[in-house]
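The paragraphs below go through a protein–DNA model, taking the strands in turn, then the pairing of the chains, then two single residues. Please keep the sequence and the coordinates open while reading.

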2 protein chains.
Amino acid sequence: MTETAASRLEAKLKGSGARLTAPRRVIARVLGEAEDHPDVEELHRRAQALDPGISLATVYRTMRLFEQLGVVERHAFSAGRARYEHGGEEHHDHFVDVKSGEVIEFHAPEIEALQAEVAARHGYRILDHRLVIYVERVERVEGSDKPA
Amino acid sequence: MTETAASRLEAKLKGSGARLTAPRRVIARVLGEAEDHPDVEELHRRAQALDPGISLATVYRTMRLFEQLGVVERHAFSAGRARYEHGGEEHHDHFVDVKSGEVIEFHAPEIEALQAEVAARHGYRILDHRLVIYVERVERVEGSDKPA
DNA sequence: GTGGATGCAAATAATTTGCAGCGCG
DNA sequence: CGCGCTGCAAATTATTTGCATCCAC
């Protein structure tokens, strides 16, 4: 049910006292349907496909609002434009395939646990974290499988 | 021997065929002496203190060069300006104290090992990674120590 | 109705680049 | 002594903002 993500965004909006306007509804829907990590320009493009009147400024303003409400995460995988994804589900981190530029999500509770431990050791409590691992695909070398 | 960092930067410059100019020498020295994670504007300020002729454009160009040579790391701890540190020593990650904005380095080989394992599980080899943990200081609660 | 939200265009912020002259190798 | 590097200013890129109008509550 990918549709739920958009509804969650809308619910959060209403709850915060912000107005549920047409542009925000559209942007929430675009975010909810996104399987990738679009930047503002791409969000604008997709939003305009649904409602041509939506301005770039509104996309920027809306993303800032959503980020403050804690319903999206802003990423800076590379220099240049910021990229977004709707948070809400289970936390995950990212691989960036440096060859293809592709961003892949992954879960690693073991790493998170270790992070909390290390932070505690330094006298800190974790509020949030960002882990980005830059990788390349491992070639399957012939004979790498356990031979008989 | 903090001075060694600057020498390492200079050595890498010569080795790459790039020219060892006065501005680059100054910027290498500023980086080598930095205990923090200065942004370009701050690097420019410090460089100008040693040689008033150095331009902001040169600092930008030099940092790009150093980054390509792999002798400095660019960070984006928060939106806005990029911040730098000279790499070269042992790899480390960062805590960002969200209250004070302070950036603290830490080592956690255990986490790195786990990352490599998770990456391998997904068919990847790690080229690099960035882990930033946003934290707040833990108040020492009375009686939090193991009681008798 | 009315204050928050929008669109547009102009403003800022961060970084890059064209060009003529200078100096490292 | 040539080509890479520099400073300066103008150009680009990413994001924000002022303002008149509009519409969700």
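By class, the surface near DNA strand C consists of eight nonpolar, four polar and seven charged residues. Here Ala, Val, Leu, Ile, Met, Phe, Trp, Tyr, Cys and Pro count as nonpolar, Asp, Glu, Lys and Arg as charged, and the others, Gly among them, as polar. The model is predicted: local features need pLDDT of at least 70, side-chain atom pairs count only at pLDDT 80 or more, and totals for chains, interfaces and linings use all residues. Residues are numbered from 1 along each chain as its sequence is written, chains are lettered from A and ligands numbered from 1 in the order in which they are written, and side-chain values use heavy atoms, with hydrogens and water left out.

DNA strand C is surrounded by 19 residues, the closest being A:R19, A:T58, A:R61, B:R19 and B:R81. A residue is near a strand if one of its heavy atoms lies within 4 Å of it. Of the atoms of DNA strand C within 4 Å of the protein, sugar or phosphate accounts for 62%, and the rest belong to bases. Three arginines illustrate both kinds of partner. A polar side-chain atom of A:R61 is 2.7 Å from a base nitrogen of DNA strand C, and one of B:R19 is 2.4 Å from a base nitrogen of that strand. For B:R81, a polar side-chain atom lies 2.4 Å from a phosphate oxygen of DNA strand C. Two or more residues of the surface near DNA strand C come from each of α2 (22–33) and α4 of chain A and α4 of chain B. Of these, α4(B) gives the most, with four residues. Helices (H or I, at least four residues) and strands (E, at least two) are DSSP runs, numbered from the N terminus.

Which residues are closest to DNA strand D? They are A:R81, B:R24, B:G53, B:T58 and B:R61, out of 19 residues that surround the strand. Sugar or phosphate makes up 62% of the atoms of DNA strand D within 4 Å of the protein, and bases make up the rest. The phosphate oxygens of DNA strand D are approached by side chain and backbone. A phosphate oxygen lies 2.8 Å from an N or O atom in the side chain of B:R24. A backbone N or O atom of A:L20 is 3.3 Å from a phosphate oxygen of DNA strand D, and a polar backbone atom of B:I54 is 3.4 Å from one. At least two residues each are supplied to the surface near DNA strand D by α4 (56–69) of chain A and by α2 (22–33) and α4 (56–69) of chain B. The largest share, four residues, is that of α4(A). The residues of this surface comprise eight nonpolar, four polar and seven charged.

The next topic is how the two protein chains are related. A turn of 180° and a shift of 0.0 Å along the axis lay chain A on chain B with an RMSD of 0.1 Å, the superposition being by least squares on the C-alpha atoms of residues with pLDDT of at least 70 in both. This is the relation of a two-fold axis. In chain A, the residue that comes closest to the rotation axis is A:L131, with its C-alpha at 2.2 Å.

The contact between the chains (heavy atoms within 4.5 Å) takes 32 residues from chain A and 32 residues from chain B. The copies meet through the same surface, because 97% of the interface residues of chain A are also interface residues in chain B. Between them, the chains bury about 3100 Å², of which 64% is on carbon and sulfur atoms. Buried area is the accessible area (1.4 Å probe) that two parts lose on being put together, summed over both. A:Y124, A:R125 and A:Y134 supply 20% of the area that chain A buries against chain B, more than any other three residues.

Two residues of chain B remain. B:T62 is found in helix α4 of chain B. Its relative accessibility is 3%, so B:T62 counts as buried (under 20% relative accessible area, with exposed over 50% and partly exposed in between; 1.4 Å probe, protein chains only). A polar atom of the B:T62 side chain lies 2.7 Å from the backbone oxygen of B:T58. Not counting residues up to four places away in sequence, B:T62 touches B:R24 and B:I27.

B:H75 is found in strand β1 (residues 72–75) of chain B, and at 5% relative accessibility B:H75 counts as buried. Its side chain makes a polar contact with the side chain of B:E85, at 2.6 Å. A polar contact is a pair of N or O atoms within 3.5 Å; within protein, one must be able to donate a hydrogen and the other to accept it, and residues adjacent in sequence count only if both atoms are side-chain atoms. Leaving aside neighbours within four places in sequence, B:H75 is in contact with B:A82, B:R83, B:E85, B:H94 and B:R130.
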